[in-house]
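Colleague: Please take a close look at the salt bridges in this model, one pair at a time, and say how accessible each partner is. After that, please set them beside the pockets, cavities and surface patches, so that I can read the pairs in context.

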Amino acid sequence: KIVNIKVGSVASEMLDVPNDLGSSYYSLHVSGDSPVRFENATDLEFNPQQLSVFIQTDKAIYKPGEVIRIRAFAINPTNFKTVKEDIVIEAFDQKGNKVFKEENGKTSSGVVSVDIPLAAELLLGDWLIRATTSDTNMQSEQVVEIGEYVLPRYNVNVVGPGYVHTSTNEITFTVMAEYTYGEPVIGFVEFEIMDSGGNNVFYSEKDTISGKKEITVYRQDIAKFISSYRSTLLVRASVSESENGKVLSDEAYLIVTSVRHTVEFTAASENLFKPGLDLKVFLTQKMPDGNQNSDGIARQVTI
């Protein structure tokens with residue numbers, strides 16, 4: 001596409017995305033030769049999924065007569081902020097019968113809360129909870145069990161670095177599985193790395209576990225799935241118990257970024273410049289995951 005831009009000016013241009021463009025990483029090139037020759041490029045990640053919809057329930061197993069408490073929200077995958085869009089909540093019993101529907105699901109925060117009271121006598125088994133955005137028709141589903149509630153016998157936790165630099169060669173994660181009474185779980189662990197929405201698995205490995213397992217992923221294993229600037233990946237560890245095959249999982253996010261530190265203007269900064277007077281600005285230095293930098297090292301900043 002050719003556009004006319006004056007030297008020294010700033011312009012914006014809209015580009016049409018083809019309908020059949022697949023989910024992948026692309027490179028955007030910009031060049032000009034009159035009257036000034038220039039060229040630049042940047043990496044782009046395209047995801048046809050406009051929104052990611054999430055469903056949360058207060059627990060996984062319910063007894064007849066209890067209340068299923070649901071929270072649903074939609075996330076913009078580009079900035080990870082909630083989207084203020086109507087969300088329809090539906091519930092289906094084990095036979096697929098629709099037993100609940102709530103269409104007025106909109107709040108100022110973008111998070112929808114719905115309660116589904118359960119009758120004292122109803123069809124037991126797996127129920128399906130579905131959340132659908134009204135405008136974009138994006139969906140998410142979650143299964144809850146209606147039956148006798150049994151506390152989980154063990155817990156699973158996956159611990160990782162949170163963020164790494166794009167030049168990092170090795171990334172180590174620790175998967176821990178313990179019974180509620182403190183003994184290690186003996187079984188198998190499936191470790192997966194996927195896109196932030198959990199739709200495409202980039203890396204997977206299976207191994208045995210005895211309470212704790214360290215898993216090292218090398219850069220070449222995931223290099224083609226991350227951009228040169230910043231990518232957010234979802235890490236999931238699923239542990240199956242040898243005794244009865246029961247599976248429990250835990251998830252964590254991993255940020256892969258080319259930026260080691262970020263600098264932001266705080267709300268206390270003045271936003272009005274008066275000639276002849278000082279302009280006060282306040283900066284805060286943060287790590288790529290948004291946490292305050294606490295290494296105590298002074299760094300030079302150019303304003």
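**Salt bridges and their surroundings**

Modeller: The side chains of E90 and K98 come together in a salt bridge, with 2.9 Å from N to O. The model is predicted, and this pair belongs to a set of eight salt bridges in the structure. As a general point, side chains of opposite charge can pair when their charged atoms come close. The two partners fall into separate accessibility classes: E90 has a relative accessible area of 9% and is therefore buried, the limit for that class being under 20%, whereas K98, at 45%, counts as partly exposed.

Another of the salt bridges joins D207 to K213, and here the closest N and O atoms are 3.1 Å apart. D207 has a relative accessibility of 31% and counts as partly exposed, and K213, with a relative accessible area of 23%, is also partly exposed.

A further pair is made by E251 and R236, whose closest N and O atoms lie 2.7 Å apart. This bridge links distant parts of the chain, since E251 sits in strand β18 (residues 247–257) and R236 in strand β17 (residues 230–241), with their positions 15 residues apart in sequence. E251 is partly exposed at 41% relative accessibility, and R236 is partly exposed at 23%.

Turning from the charged pairs to enclosed space, a search of the whole structure finds one cavity of 30 Å³ or more, and the volume of the largest cavity is about 30 Å³. Its lining is made by V164, H165, T166, T168, I171, R219, I222, I226 and V256, which by class gives five nonpolar, three polar and one charged residues. Two elements, β12 (163–165) and α1 (219–222), each supply at least two residues of that lining.

Open space is found as well: the second largest pocket holds about 710 Å³. There are 23 residues in its lining, and those that lie nearest its centre are V3, I5, V30, S31 and F38. The lining divides into eleven nonpolar, eight polar and four charged residues, and strand β1 (residues 24–32) gives the most to it, with five residues.

Strand β1 also matters for the nonpolar surface patch, a region of about 680 Å² made by V7, L15, Y26, L28, V30, V36, F38 and L44. The elements that give two or more residues to this patch are β1 and β2 (38–46), and β1 provides the largest share, three residues. L15, which is a member of the patch, is placed in the segment before β1. V30 and F38 appear in both settings, being listed in the nonpolar patch and lying among the residues nearest the centre of the second largest pocket.

One last position completes the view. F265 is found in strand β19 (residues 262–265), and its relative accessible area is 53%, so it counts as exposed, the class for values over 50%. F265 and Q285 are 20 residues apart in sequence, with their C-alpha atoms 9.2 Å apart in space.

Notes:
Residues numbered from 1 in each chain as written. Predicted model: local features only at pLDDT ≥ 70, side-chain atom pairs only at ≥ 80, totals over all residues. Heavy atoms only, no water. 1 Å grid on protein atoms, 1.4 Å probe; cavity = no way out; pocket = protein on both sides within 12 Å on 5 of 7 lines; lining within 4 Å. Points joined across faces, edges and corners; volume = space filled by probe spheres on them. Helix = DSSP H or I, 4+ residues; strand = E, 2+ residues; numbered from the N terminus. Nonpolar A, V, L, I, M, F, W, Y, C, P; charged D, E, K, R; others polar. Patch = residues over 30% accessible without salt bridge, like charges linked within 9 Å, V, L, I, M, F, W, Y side chains within 5 Å. Areas by Shrake-Rupley, 256 points an atom, 1.4 Å probe, with all protein chains shown as cover. Salt bridge = Lys/Arg side-chain N within 4 Å of Asp/Glu carboxyl O. Buried < 20%, exposed > 50% of the residue type's maximum accessible area, 1.4 Å probe, protein only.
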